[in-house]
Amino acid sequence: MKTLESLISINLDYIILGLIVVFFTLEQVLGTQFKFNRRLHHLSHNFLMYAVLFVLNLFWAGVVVFTVNWFTEHQLGLLYLVEIPLWVTFLLGIAVYDLSSYWFHRAAHFLPLVWRFHRVHHSDTTMDSTTFLRGHPLETMFWFGFSSIVASAVFGLDLKTLGIYYLILIPMLFLEHANFKYPKWLDKTLGLIITTPNLHKVHHEQDEYYTNSNYADIFIFWDRLFGTFKHKPVEDITFGLQEFNAPEKQTFWYLIISPFLNIKRIPSEGKNK
Ligand SMILES: [Zn+2]
Ligand SMILES: [Zn+2]
């Protein structure tokens with residue numbers, strides 16, 4: 001328990017910075033799935049998104065922590081009605097946070113106003129681990145803040161469970177976007193329950209038929225359950241969004257203002273159906 005508590009107390013930003021260094025180096029050294037140049041340029045533009053999020057979180061993370069603590073003090077939520085072992089609470093808690101994030105993600109694809117922000121994450125035409133950092137800071141802060149608050153309130157999850165969830169989620173998201181060659185058997189075994197990297201990459205396919213699938217961050221099980229699971233061989237995937245294909249639309253400045261621009265979604269021709 002002591003080890004767990006000291007793990008949770010580590011600042012998540014240190015973990016993210018450490019993972020950026022580790023993944024960036026490994027992708028440089030090991031055999032990769034896709035070739036692409038100008039990785040430092042790609043990293044710097046994606047990193048700026050995270051830098052803005054870091055500044056916003058100086059205020060916002062405090063709001064989320066305060067709210068979740070308030071629910072705990074008032075013993076709000078379904079899990080207070082039953083008695084279950086602590087490890088079951090943690091396991092259920094992670095599944096519930098993931099479920100809440102699944103619905104927030106699904107809504108982001110269908111509510112036009114939210115899509116304006118969410119498309120920033122989908123705009124990347126080349127993928128490596130730093131694509132995880134490419135999310136509009138306003139979207140990332142509201143998505144994860146509110147999905148954590150909603151799940152905590154409904155199910156009665158405390159800060160400790162939330163801490164464990166993020167400790168699992170963040171490395172998973174690095175792995176899912178990383179430019180490594182992942183074996184196909186992984187998708188046929190672990191991929192029955194867990195979102196494997198190749199399965200998340202299907203979500204980054206330009207063709208809208210695939211973009212609107214595989215929403216879950218940790219448990220692909222949610223997509224299988226709610227009928228949004230799709231598969232496509234990773235070597236056939238074209239990343240990004242057609243309307244963001246031009247190099248000048250891949251910059252930090254363009255992406256940060258893009259939610260406020262009227263950019264028409266270029267529909268897929270349905271060739272992949
Ligand atoms: Zn998405
Ligand atoms: Zn992604």
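What follows is a conversation about how certain labels were assigned in this predicted model.

Colleague: Why is the site of the zinc ion (ligand 2) called irregular?

Modeller: The angles among its 4 donor atoms run from 90 to 158 degrees, whereas four donors count as tetrahedral only if all angles lie between 85 and 135 degrees. The upper value of 158 degrees therefore rules out that label, and since the site is classed as irregular, it did not meet the square planar criteria either, which require opposite donors over 155 degrees apart and all others between 65 and 115.

Colleague: What makes the protein atoms at the zinc ion (ligand 2) donors?

Modeller: The NE2 atoms of H121, H177, H200 and H204 lie 2.0 to 2.1 Å from the ion, and the cut-off for a nitrogen donor at this metal is 2.8 Å, so these atoms count as donors. Along the chain these donors follow the spacing H-x55-H-x22-H-x3-H. Within the set, H121 in helix α5 and H200 in helix α9 (residues 197-202) link distant parts of the chain, being 79 residues apart.

Colleague: How do you know that H121 and H200 are to be called buried?

Modeller: Buried means under 20% relative accessible area; H121 has 10% and H200 has 3%, so each of the two values falls under the cut-off.

Colleague: Which residues coordinate the zinc ion (ligand 1), and what makes their atoms donors?

Modeller: The zinc ion (ligand 1) is coordinated by the NE2 atoms of H105, H109, H118, H122 and H203, at 2.1 to 2.2 Å, and because the limit is 2.8 Å, these atoms qualify as donors. Their spacing in sequence is H-x3-H-x8-H-x3-H-x80-H. H105 lies in helix α4 (residues 86-110) and H118 in helix α5, so this pair ties together parts that are 13 residues apart in sequence; H105 and H118 are both buried.

Colleague: Why is the pair of W222 and F226 called stacked?

Modeller: A pair of aromatic rings is described by the distance of the centres and the angle of the planes. The ring centres of W222 and F226 are 6.3 Å apart, which is within the 6.5 Å needed for a pair, and their planes stand at 20 degrees, under the 30 degrees that bounds the stacked class, so the pair is stacked. Both residues lie in helix α11 (residues 221-226), 4 residues apart, about one turn of the helix. The structure has a count of 24 aromatic pairs by this rule, and W222 and F226 also belong to one aromatic cluster with Y102, W103, Y215 and F221.

Colleague: Why is W222 called buried, while F226 is called partly exposed?

Modeller: W222 has a relative accessible area of 12%, which is under the 20% limit for buried, so W222 is buried. F226 has 32%, and because this value lies between the 20% and 50% limits, F226 counts as partly exposed.

Colleague: What makes the phi values of Q75 and N214 worth a remark?

Modeller: Most residues other than glycine have a negative phi. Q75, however, has a phi near 50 degrees, and N214 has a phi near 45 degrees, each a positive value in a residue other than glycine. Q75 is placed in the loop between α3 and α4, and N214 in the loop between α10 (208-211) and α11.

Colleague: Are Q75 and N214 buried or exposed, and how do you know?

Modeller: Q75 has 53% relative accessibility, and since exposed means over 50%, Q75 counts as exposed. N214 has 0%, which is under the 20% limit, so N214 is buried.

Colleague: How do you know which residues and elements line the largest pocket?

Modeller: A lining residue must have an atom within 4 Å of a point of the pocket. The largest pocket has a volume of about 1,200 Å³, and of its 43 lining residues the closest to the centre are L12, N57, F144, Y166 and I170. Among the elements that give two or more residues to this lining are α1 (2-8), α2 (12-29) and α7 (159-177), while α3 provides the largest share, 11 residues. By class, the lining divides into 26 nonpolar, 13 polar and 4 charged residues.

Methods:
Residues are numbered from 1 along each chain as its sequence is written. Chains are lettered from A and ligands numbered from 1 in the order in which they are written. This is a predicted model: local features need pLDDT of at least 70, side-chain atom pairs count only at pLDDT 80 or more; totals for chains, interfaces and linings use all residues. Side-chain values use heavy atoms; hydrogens and water are left out. On a 1 Å grid over the protein atoms alone, a cavity is a set of points where a 1.4 Å probe fits but cannot get out, and a pocket is an open set with protein on both sides within 12 Å along at least five of seven lines; lining residues have an atom within 4 Å of a point. Grid points are joined across faces, edges and corners, and a volume is the space filled by probe spheres set on the points. Ala, Val, Leu, Ile, Met, Phe, Trp, Tyr, Cys and Pro count as nonpolar, Asp, Glu, Lys and Arg as charged, and the others, Gly among them, as polar. Donors are N, O and S atoms within 2.8 Å of the metal (3.2 Å for Na, K and Ca); water is not among the atoms, so sites may look incomplete. Four donors count as tetrahedral if all angles lie between 85 and 135 degrees; four count as square planar and six as octahedral if opposite donors are over 155 degrees apart and all others between 65 and 115; anything else is irregular. Buried means under 20% relative accessible area, exposed over 50%, partly exposed in between (1.4 Å probe, protein chains only). Rings of Phe, Tyr and Trp (its six-membered ring) pair if their centres lie within 6.5 Å; planes under 30 degrees apart count as stacked, over 60 as edge-to-face and the rest as tilted.
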